[in-house]
Amino acid sequence: MKVENTQVQMRKGILEFCILEIISRGEVYASDMLEELTAAKMIVVEGTLYPLLTRLKNASLLEYNWVESTSGPPRKYYKLTETGTKFLEDLRATWYELVDSTEYIIQNKKAQQS
């Protein structure tokens with residue numbers, strides 16, 4: 001078993017949460033999301049983002065507005081719906097529980113080794 005495979009699965013598992021967090025700050029263009037996700041080493045290919053955005057939109061967690069661009073075609077800007085905001089709040093709570101649980105296990109191991 002390769003550690004890289006597990007690392008990829010871990011990133012995939014929280015990618016949706018990260019996307020919703022980025023969108024929660026206000027309307028955002030997909031390429032800006034991609035840039036932040038890439039900088040955070042959460043995503044490496046553009047083809048991963050768009051299917052996720054479509055799935056989140058189809059689940060009524062986000063919506064988009066077309067905004068005219070001075071340098072090309074109109075751009076699609078995403079924002080959370082009310083349902084998406086509530087969903088994100090639930091994910092945040094779950095995230096903090098997971099972090100606390102994982103830290104407990106890591107710290108417990110360290111305590112037993114002392």
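User: Which residues in H2 do Leu 15, Cys 18, Ile 19, Ile 22 and Ile 23 in H1 meet?

Analyst: This is a predicted model. H1 and H2 pack with their axes 11 Å apart. Across that contact, the five residues named in H1 meet Met 33, Glu 36 and Leu 37.

User: How do the residues of the contact of H1 with H2 divide into nonpolar, polar and charged?

Analyst: The H1 side brings Leu 15, Cys 18, Ile 19, Ile 22 and Ile 23. Glu counts as charged, and Glu 36 is in the H2 part of the contact. The division is seven nonpolar, no polar and one charged.

User: Is H1 parallel or oblique to H2, and why?

Analyst: H1 and H2 pack at an angle of about 125°. Roughly perpendicular ends at 115 degrees and roughly antiparallel starts over 145. The angle therefore makes H1 oblique to H2.

User: In which hand does H1 pass H2?

Analyst: The angle between H1 and H2 is about 125°. The crossing of H1 past H2 is right-handed.

User: How is H1 oriented to H3, and why?

Analyst: H1 spans residues 3–23 and packs against H3 at about 75°. The axes of H1 and H3 are 11 Å apart. Angles of 65 to 115 degrees count as roughly perpendicular. H1 is therefore roughly perpendicular to H3.

User: Which residues of H3 make the contact with H1?

Analyst: H1 contributes Leu 15, Glu 16, Ile 19, Leu 20 and Ile 23. The residues of this contact divide into eight nonpolar, one polar and two charged. On the H3 side they are Thr 48, Leu 49, Leu 52, Leu 53, Arg 55 and Leu 56.

User: How far apart are the axes of H2 and H3?

Analyst: H2 covers residues 30–39 and H3 covers residues 46–58. They pack at about 125°, and they are therefore oblique to each other. H2 passes H3 in a right-handed crossing. Their axes are 10 Å apart.

User: Which residues of H2 make the contact with H3?

Analyst: H3 offers Glu 46, Leu 49, Tyr 50 and Leu 53. The whole contact of H2 with H3 has seven nonpolar residues, no polar ones and one charged. From H2 come Ala 30, Met 33, Leu 34 and Leu 37.

User: In what order do the three strands form the open sheet?

Analyst: S1 pairs with S3 over two bridges, in the antiparallel sense. Seven bridges join S2 to S3, also antiparallel. The edge strands are S1 and S2, each pairing on one side only. The order is S1-S3-S2.

User: How many residues lie between S2 and S3 in their hairpin?

Analyst: S2 runs over residues 62–69, and S3 over residues 72–80. Ser 69 stands opposite Gly 72 in S3, and Val 67 stands opposite Arg 75. The hairpin has two residues between its strands.

User: What is the bridge partner of Val 28 in S3?

Analyst: S1 covers residues 28–29 and pairs with S3. Val 28 has as its partner Tyr 78.

User: What angle does the direction of H1 make with that of S3?

Analyst: H1 packs on the sheet, touching S1, S2 and S3. The direction of H1 makes with that of S3 an angle of about 105°.

User: What radius of gyration does the protein chain have?

Analyst: The chain comes to four helices and three strands. Its C-alpha atoms fill a box of roughly 60 × 30 × 20 Å along the principal axes. A compact globule of 114 residues would be near 13 Å. The chain has 17 Å.

How values were computed. Residues are numbered from 1 along each chain as its sequence is written. This is a predicted model: local features need pLDDT of at least 70, side-chain atom pairs count only at pLDDT 80 or more; totals for chains, interfaces and linings use all residues. Side-chain values use heavy atoms; hydrogens and water are left out. Axes are lines fitted to C-alpha atoms, for helices over the stretch in contact, and angles run from 0 to 180 degrees between N-to-C directions. Angles under 35 degrees count as roughly parallel, over 145 as roughly antiparallel, 65 to 115 as roughly perpendicular and the rest as oblique. A crossing is left-handed if the near helix is turned anticlockwise from the far one by less than a right angle, and right-handed if clockwise. Contact means heavy atoms within 4.5 Å. Two strands pair if DSSP finds at least two bridges between them. The radius of gyration is taken over C-alpha atoms; the globule rule is 2.2 Å times the number of residues to the power 0.38.
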